[in-house]
Amino acid sequence: MKRKPSTEATSAWIRLMRVQSRVLDCVEQDLKKAGFPPLAWYDALLELSRAPSGELRPVELERQMLIPQYSTSRLIDRLVDEGLASRRECKIDKRGQFVEITEAGRELQKRMWGAYSAAIEKYVGSKLSDADAVKLSGLLDRLGCSCGEMKLPPVANVNESTPSR
């Protein structure tokens with residue numbers, strides 16, 4: 001018979017899910033108050049801007065995104081409609097397509113970073129010392145590894161000019 005999670009592990013799971021949901025809701029509200037679109041837009045634009053040529057296949061974009069996006073095609077449609085991204089046909093595989101960030105998309109992503117980074121500081125940075133943040137990151141890395149995921153690369157410093165998550 002398989003081992004059941006301890007009460008402590010179950011409690012940790014519940015807290016992790018609740019905190020993640022609450023913090024994301026607060027970040028979304030801060031972005032909205034600042035006049036920005038949802039966090040998923042930032043996430044998609046960031047991943048496109050990080051791609052070597054500024055473009056990804058939709059399936060690659062979905063895989064790279066921080067926030068699960070169950071309707072990536074709808075998100076891409078919105079980004080294209082707003083002029084933040086464009087679609088182009090794959091020259092090798094005519095059925096495939098790429099999504100490419102536009103200059104307007106790069107500009108919006110950089111402007112959103114100001115509000116997003118302030119929210120990260122407000123809801124996480126101000127609540128944890130740097131040592132606690134490193135400790136929490138280590139614990140979360142252990143959980144990520146248990147799901148068969150690769151270890152995440154370090155996130156750029158909030159004070160750097162390059163936008164980060």
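This is a short talk on the salt bridges, the small sheet and the nonpolar core of one protein chain.

Before anything else, please keep in mind that the model is predicted.

I'll start with the charged pairs. Side chains of opposite charge can pair when their charged atoms come close. How many salt bridges does a search of the whole structure find? The search finds four, and I will go through some of them.

Take Asp30 and Lys122. Their closest N and O atoms are 3.7 Å apart. Asp30 belongs to helix H1, which covers residues 7-33, and Lys122 belongs to helix H5, residues 103-125. The two residues are 92 residues apart, so this pair links distant parts of the chain. Is Asp30 buried or exposed? Asp30 counts as buried, because its relative accessibility is 14% and the limit for buried is under 20%. Lys122, at 43%, is partly exposed.

Next, Arg88 and Glu55. Here the closest N and O atoms are 2.4 Å apart. Arg88 is in strand S2, residues 85-89, and Glu55 is in strand S1, residues 55-56, so the salt bridge ties together parts that are 33 residues apart in sequence. Glu55 is buried, with a relative accessible area of 13%, whereas Arg88 is partly exposed at 28%.

Then there is Asp77 with Arg87, whose side chains meet at 2.1 Å, N to O. Asp77 sits in helix H4, residues 72-81, and Arg87 sits in strand S2, so this pair ties together parts 10 residues apart in sequence. Both ends are given as partly exposed: Asp77 has a relative accessible area of 33%, and Arg87 has 35%.

Several of those residues were in strands, which brings me to the sheet. In what order do the three strands stand? The order is S1-S3-S2, in an open sheet with antiparallel pairing. S1 and S2 are at the edges, and each has a single partner strand, so one side of each has no neighbour in the sheet. Strand S3 covers residues 97-101 and is joined to S1 by two bridges. Glu55, which we met with Arg88, has Glu100 in S3 as its bridge partner. Helix H4 packs on this sheet and touches S2 and S3. The direction of H4 makes about 110 degrees with that of S2.

Now the nonpolar part. In soluble globular proteins, nonpolar side chains tend to be buried together. In this model, the largest nonpolar core has 29 residues, and Leu31 and Leu79 touch the most other members. H1, helix H2 (39-50), H4, S3 and H5 each supply at least two residues of this core. Which element gives the largest share? That is H2, with eight residues.

Let me stay with Leu31. Leaving aside residues up to four places away in sequence, Leu31 touches Phe36, Pro37, Pro38, Leu39, Met112, Ala115 and Tyr116.

One last detail comes from helix H5, where Ser117 is found. Ser117 is buried, with a relative accessible area of 13%. Its side chain reaches the backbone oxygen of Gly114 at 3.2 Å.

To recap with the model on screen: look for Asp30 and Lys122, the pair that links H1 with H5; for the sheet in the order S1-S3-S2; and for Leu31 and Leu79 in the largest nonpolar core.

How values were computed:
Residues are numbered from 1 along each chain as its sequence is written. This is a predicted model: local features need pLDDT of at least 70, side-chain atom pairs count only at pLDDT 80 or more; totals for chains, interfaces and linings use all residues. Side-chain values use heavy atoms; hydrogens and water are left out. Helices (H or I, at least four residues) and strands (E, at least two) are DSSP runs, numbered from the N terminus. Buried means under 20% relative accessible area, exposed over 50%, partly exposed in between (1.4 Å probe, protein chains only). Two strands pair if DSSP finds at least two bridges between them. Contact means heavy atoms within 4.5 Å. Axes are lines fitted to C-alpha atoms, for helices over the stretch in contact, and angles run from 0 to 180 degrees between N-to-C directions. A polar contact is a pair of N or O atoms within 3.5 Å; within protein, one must be able to donate a hydrogen and the other to accept it, and residues adjacent in sequence count only if both atoms are side-chain atoms. A nonpolar core is a set of buried Ala, Val, Leu, Ile, Met, Phe, Trp, Tyr and Cys residues joined through side-chain atoms within 4.5 Å.
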